[in-house]
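Me: I am new to this structure and would like a close look at a single part, the surroundings of the ligand. Please then set that part within the rest of the chain.

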Amino acid sequence: MAIQTVGVVGCGLMGSGIAQIAAEAGCAVIVREVNDALLAKGKGKIEAFLKKAVEKGKATADQMATTLSRFTWTTNLADLAKCDLVVEAIVENMGAKQELWKFLDGVCPAHTIFSSNTSSLSIGDMAACTKRPDRFVGLHFFNPVPIMTLVEVVRTISTSDATYQAACEFGKRVGKTVVTAKDTPGFVVNLLLVPYLLDAIRAFEKGVASAADIDNGMKLGCGHPMGPLTLLDFVGLDTTLYIADIMDHEFKDVRYAAPPLLRRMVAAGMHGKKSGKGFYDYSVTPPVQAIRP
Ligand SMILES: NC(=O)c1ccc[n+]([C@@H]2O[C@H](COP(=O)([O-])OP(=O)(O)OC[C@H]3O[C@@H](n4cnc5c(N)ncnc54)[C@H](O)[C@@H]3O)[C@@H](O)[C@H]2O)c1
């Protein structure tokens, strides 16, 4: 069955991008946030992104208007009952996600496919709290979603072939290259990336080098487009801490243990670019190092 209506739950960093690419691919998109202020903030993010594309000549004003006309904005979860596919991009917390899925399982029709954009939580554990584990799959996009061309499609031991195929087709339809991963913490990319990011924090914490020198070292020395501390600010330090703790719990491997500095920064509200401050202070241009190790 072709996916026509997509529900996106959570319109933060990831949800706003996922909602945008689904609308650009021609889907009707229903976006749900917890309150009107956050809904307006998410809508503003999408509008700003589309406006920039028009200013750069990558899209026309008509295309932008068509994309925006495909959205329905709501704070009412029950409005997602019309969806063929739901993509969840809420906070990285299993309790919150399971509560959401239990509710949606009760209101969505049998054919609706459920998918989570989680970076580290078990898709199988979410599927298990619904009556449709065969129609449950991981769709793990990358930040910024409209620009990054990868999606990891995560198959649990219960995901049916039809659901897996539909998820792959959706990934391709929104312009992504699909890689398939097992339902194991970190899938492919974060399994390898998270220890590297944590090592960069440990290097900064030990005073090996300044934030700019650690970033420039990896950019110029390894050809990475972005240094690890800048990447952490983009991903979100709170999200990274959640992921590291989950992987640490699952693998019991010191490579995934969060450095104390990461915990202190998250506790201090330094969540990276989205909060204005992380390893860098984004209130000035160009951003400057925000903290001493
Ligand atoms: N940040 C990244 O680079 C990245 C990359 C891939 C996947 N992810 C995953 O995507 C998910 C979201 O991450 P993010 O970085 O977008 O977080 P975020 O904090 O930017 O956004 C989460 C949004 O979800 C909203 N929300 C919370 N509970 C909700 C509910 N019940 N219904 C509707 N909205 C709700 C919050 O208000 C917030 O706006 C997480 O599972 C994360 O692991 C993040």
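Reply: Domain bounds, as used here, come from an automatic or database domain assignment. That assignment gives domain 1 (5-182) and domain 2 (189-281) for the protein chain, and the shell around the ligand draws at least three residues from each of domain 1 and domain 2. The model is a predicted one, in which local features need pLDDT of at least 70 and side-chain atom pairs count only at pLDDT 80 or more, while totals for chains, interfaces and linings use all residues. Residues are numbered from 1 along each chain as its sequence is written.

The shell itself consists of 28 residues surrounding the ligand, a residue being near a molecule if its C-beta atom, placed from the backbone, lies within 6 Å of it. Gly10, Gly12, Met14, Ser119 and Asn143 are the closest. By residue type, the shell holds 14 nonpolar, 10 polar and 4 charged residues; Ala, Val, Leu, Ile, Met, Phe, Trp, Tyr, Cys and Pro count as nonpolar, Asp, Glu, Lys and Arg as charged, and the others, Gly among them, as polar.

Three elements each supply at least two residues of this shell: helix 1, helix 4 (94-107) and strand 6 (136-141). Helices (H or I, at least four residues) and strands (E, at least two) are DSSP runs, numbered from the N terminus. The largest share, 3 residues, comes from helix 1.

Asn143, one of the closest residues to the ligand, also takes part in a cis peptide bond with Pro144, where omega is about -5°. Pro144 sits in the loop between strand 6 and strand 7 (150-155). Most peptide bonds are trans. A second cis bond runs from Thr285 to Pro286, again with omega near -5°, and Pro286 belongs to the loop between strand 9 and strand 10 (288-289).

Helix 1 has a further role in the packing. The largest nonpolar core has 46 residues, where such a core is a set of buried Ala, Val, Leu, Ile, Met, Phe, Trp, Tyr and Cys residues joined through C-beta atoms within 7 Å. A residue is buried if 20 or more other C-beta atoms lie within 10 Å of its own, exposed if 12 or fewer, and partly exposed in between. Val8, Ile18, Ala19, Ala22, Val29 and Val86 have the most contacts inside this core, and its largest share, 7 residues, comes from helix 1 (residues 13-24). Leaving aside residues up to four places away in sequence, Ala19 touches Val8, Cys11, Val29, Val31 and Ile46; contact requires C-beta atoms, placed from the backbone, to lie within 7 Å. A second, separate core of 29 residues includes Phe204, Ile214, Ile243 and Met270.

The two domains that contribute to the shell have C-alpha centres 26 Å apart. Where they meet, 7 residues of domain 1 are in contact with 11 residues of domain 2. On the side of domain 1 that touches domain 2, 2 residues are nonpolar, 3 polar and 2 charged.

Within the bounds of domain 2 (189-281), helix 9 (residues 228-235) is mostly covered, with 7 of its 8 residues buried. Those buried residues are Pro228, Leu229, Thr230, Leu231, Leu232, Asp233 and Val235. Their cover includes helix 7 (189-205), helix 8 (211-222), helix 10 (237-251) and strand 9 (280-281). After helix 9 comes Gly236, with a positive phi near 105°.

Two residues other than glycine also have a positive phi. Most residues other than glycine have a negative phi. Phe187, with phi near 50°, lies in the loop between strand 8 (177-182) and helix 7; because 22 C-beta neighbours lie inside 10 Å, Phe187 counts as buried. Lys252 likewise has phi near 50° and belongs to the loop between helix 10 and helix 11 (260-267), but Lys252 is exposed, with 9 other C-beta atoms within 10 Å.

Taken as a whole, the protein chain has 11 helices and 10 strands, and 42% of its 293 residues count as buried. Its C-alpha atoms fill a box of roughly 55 × 45 × 35 Å along the principal axes. Among contacts between residues at least 6 apart in sequence, 65% join residues at least 24 apart.

Definitions and conventions:
Two residues are in contact if their C-beta atoms, placed from the backbone, lie within 7 Å.
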